[in-house]
Each structure stands twice: as structure tokens, then as C-alpha cells.
Amino acid sequence: MQIPFLSFAGQHDPIREEVVAAMARVYDSHWYVLGEEVRRFEQDYAAFNQVGHCVGVANGLDALHLCLRALNVGPGDEVLVPSNTYIATWLAVSYVGATIVPVEPRIDTYNLDPDRLEEAITARTKAILPVHLYGQACQMDAIMQIAQRYNLCVVEDNAQAQGASCQGRLTGSFGQVNAVSFYPGKNLGALGDAGAVTTDDAFLAAQIRTLRNYGSQQKYRNEVVGYNSRLDELQAAILGVKLPYLNHWTQQRQQLAAWYTQHLTGIPEIVLPQTATACTHVYHVYVIRTRYRDELQQYLTQHGIGTLIHYPIPAHLQPAYKHLEFQAGQFPIAEELARTSVSLPLWPGLTLEQVVFVCACIRRFFAAAR
Ligand SMILES: *Cc1c(COP(=O)(O)O)cnc(C)c1O
């Protein structure tokens, strides 16, 4: 049995006709940038996310960057970011010239630790950038309380957690402005790059609309130094077809995760995903941890099972951030996660039989090693 880390077959094959029809509609409309498709998808996604406004942009990284620009975060400001996130979260802070202040996660949920967050706040702190990592909502109630107490902005990085919630409220609806990615592999993915900003604030939504389109509201009049970061009509049309299926795909992801947990329980060498009370997990990825990670990954590869590591090098040890002079050992939890994590195949369309096969393979690996 060959089990790829990711397959789009289960999502894309059944809706092929619908997606191709939407693509043809855009083709025939002769209107390809900022038109009716983007307007409609923005409305649909805002409704899905239970926010007042959604602004489509070119990708998730731009969404984060534009959020920080709209909030006037810049040089001299400190932004609290997780020490264990995808590099995009850090890059957005670098783009606006603000200071990255990494905060270690909880070792059980891998999400920002509200207790550590408070210790990292200084007079210069301007914003908190919580990342709903792997698809699990952060403890947003605690994070928002801290933000209010210290008068800080919150920008959620919701790239991995479309449809997750904390205390019944959806991720992407807590912060002043929030970023989401529709990279193909995300829970809701386009057929290319795409992203959006979600917010309840009409003023900030208008700022983002201006920034994404050359700093212009009125053609050939430029208010601010903006960007070209528009969601295109083709991707918006495709996303519009896929959005109504998202909850169904999320339920499949949660079922697959439950099966993994059921069939991997009781192996002493591995740590399974834990979800915080009042938070939900939409399993963008199913991450397990073990000291024998590299050997396990190699064994699974030999048996036809694809895995990935999210993420092998923590941001503070990336060559790109050498100039910040962080040291190895400075963020031990992020480093431990980078050393021990491995993500198992999980995608809508994966079957119970395949999950059982993966789990049996993992069990055999540890039994042989003992
Ligand atoms: C994917 C991702 C991004 C960036 O999204 P792109 O659309 O690839 O630019 C940002 N943050 C996190 C946590 C991500 O997983």
C-alpha cells in the first residue's frame, strides 16, 4: 500500500465539473482582476467566518503583512510571535520593520502559552500574533484578556485553522484584523496562491482594500505606498465552489484524527496531539512526537507512507535570521518540537483502512526497536 502525505483526489475529483464550470465562467467573463467573483467570495467567506468583512489578497503572507501595515505596526514596535511557527509569521513582522519577540508554546498543545505571553510584554509591545498551529485554535479568551489589559493589537494567523473555534467563536474573528491563507494544501485551498484578511472593523477593512491595490481607492489616485496583492477572479471563483464543502472536509479530518488517536494510544514512545479545553482542532496536520523521529520517518518511507516535518528548523535558527543573533538553546520548546515532530498522512478521502495500516506500521517499528 502506498499512502502519500497529501492527496487532493478525495477533495477535487468529486467536484471537478463544478470547479471547471466556475473556471470557464471567469474565462468567458473577460474580467480577471477585482470583479464580481472576488466580491462574492469575500461576502461568502465573511459569512462563513462570522465577521463583518473579508478582503481577498494574493496569499497568506501578504495578508499578515497588510494586517500589520493597517495597524501601523512598524520600527520600534515589538510583536509577540510563537517561537514554533512557520517562517511566514516572522517574515511579516520583519517586512514592517518591527521587532520579533518569540514566545515559547505550551508543550501539550504547541500553541502560544498565555502565561509566558504576559512575561514577554514591555512598554514597546504593540501586537500579539497568535498562530492556530496545525489547526488547533489558541486559547483566545486568555490571549484577548491579556491584550485588553495591556492595550495591545491582536492579529491571528489563521492559515491552518479555517473553521476552528475557541469557546464557540471562530478563529479569524478575535483579532482586530486576521490573516488566512488559501495555499492549495491548506484546509480550504485555491488552485494556486490566495489569501484573505478577516475583520469586524470597517475602517481596517477599507485600509486593507487600499493597501492590496497600490494604495488606491480611486483609480490613479494613490493615498499610501501600497502593494499589488490582489486575489484574482479565477482563484476566487474556485474558492467559492470549495467553501460550501469545507465543514464536511473538516468533519472528515476530525474523524481521521480520532481514528489515528484510537489506533496509536498506548505506544509509550510517542506523544499524541492534545486539544485545550474549550478549543477545537481542525487537523490541518496530525502531528505526533517521538525521540526516534528520524528513524520512524525513514521506516515509514520504506513502507510507502509519506510524512512531513512541521517544521525541521525553528525560525530563530534559520540562516535568514542569523542577524538577530538568537542562540541554539534559547527557545528549548521550539527546538524540542523541531527535533521530535512528524506529521502523518491526513486528507479528506483517506480511509480507515489506510489509517489502520499507518498505525500498524508505527506499532511494528517500535515493537522491533524495543
Ligand atoms: C501557510 C502559512 C502561512 C502563509 O501562507 P501563504 O499563503 O503560503 O503565504 C502563514 N502562516 C502559517 C502558519 C502558514 O501555515
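# A guided tour of the predicted model

Select strand S9 (residues 195–199) together with S1: five bridges join the two, and they run antiparallel. This is a predicted model. For a single pair to zoom in on, pick Cys 54; its bridge partner in S9 is Thr 198.

**The three-stranded sheet**

Now add S8. The three strands form an open sheet in the order S1-S9-S8, with antiparallel pairing. Strand S1 (53–57) and strand S8 (178–181) are the edges, each pairing on one side only. From one strand to the next, the twist averages 25°. Strands of a sheet pair through backbone hydrogen bonds, so display those if your viewer draws them.

Next, bring in the helices. Select 36–49, which is helix H3. H3 lies across S1, S8 and S9 and runs at about 130° to S1. Then select 202–212 for helix H8. H8 packs on the sheet, touching S1 and S9, and its direction makes about 15° with that of S1.

**A strand covered on both faces**

Move to residues 341–344, strand S13. Which of its residues are buried on each side? Ser 341 and Ser 343 are buried on one side, Val 342 and Leu 344 on the other. Both faces are thus covered. In a regular strand the side chains alternate between the two faces of the sheet.

Add strand S12 (residues 286–289). Four bridges join S12 to S13, and the two run antiparallel. Look for Val 287: it stands opposite Ser 343 in S13.

**Helix H7 and its two sides**

Select 140–150, helix H7, and show side chains. Met 140, Ile 143, Met 144, Ile 146 and Ala 147 are buried. These residues cover an arc of only 160° around the axis, which puts them on the same side of H7. An α-helix has 3.6 residues a turn, so residues three or four places apart point the same way.

Rotate to the face turned away from the buried side. Gln 145, Gln 148 and Arg 149 are there, and they are exposed. What covers the buried residues of H7? The cover includes helix H6 (114–119), strand S4 (125–128), strand S5 (153–154) and strand S6 (165–166). Step past the end of the helix to Asn 151, which follows H7 and has a positive phi near 60°.

**Backbone stops in the loops**

Two more residues with positive phi deserve a click.

- Asn 72 sits in the loop between helix H4 (60–70) and strand S2 (78–82). Its phi is about 60°, although Asn 72 is not a glycine. Asn 72 is exposed, with a relative accessible area of 61%.
- Tyr 134 is in the loop between S4 and H7. Its phi is near 65°, a positive value in a residue other than glycine. Is Tyr 134 buried or exposed? At 5% relative accessibility, Tyr 134 counts as buried.

Then go to the peptide bond from His 310 to Tyr 311. That bond is cis, with omega near 5°. Tyr 311 lies in the loop between helix H11 (293–302) and helix H12 (332–340).

**Zoom out**

Show the whole protein. Its secondary structure comes to 13 helices and 13 strands. The radius of gyration is 21 Å, close to the 21 Å that the globule rule gives for 370 residues, so the protein is as compact as a globular protein of that length. Along the principal axes, the C-alpha atoms fill a box of roughly 70 × 55 × 40 Å.

Colour by burial: buried residues make up 56% of the 370. For a surface view, expect about 16,000 Å² exposed, with carbon and sulfur atoms supplying 52% of that area. Among contacts between residues at least 6 apart in sequence, 71% join residues at least 24 apart.

Key: Residues are numbered from 1 along each chain as its sequence is written. This is a predicted model: local features need pLDDT of at least 70, side-chain atom pairs count only at pLDDT 80 or more; totals for chains, interfaces and linings use all residues. Side-chain values use heavy atoms; hydrogens and water are left out. Two strands pair if DSSP finds at least two bridges between them. Axes are lines fitted to C-alpha atoms, for helices over the stretch in contact, and angles run from 0 to 180 degrees between N-to-C directions. Contact means heavy atoms within 4.5 Å. Buried means under 20% relative accessible area, exposed over 50%, partly exposed in between (1.4 Å probe, protein chains only). The radius of gyration is taken over C-alpha atoms; the globule rule is 2.2 Å times the number of residues to the power 0.38. Accessible areas come from the Shrake-Rupley method with a 1.4 Å probe; for residues, only the protein chains shown count as cover. The arc is that of the directions from the helix axis to the C-beta atoms.
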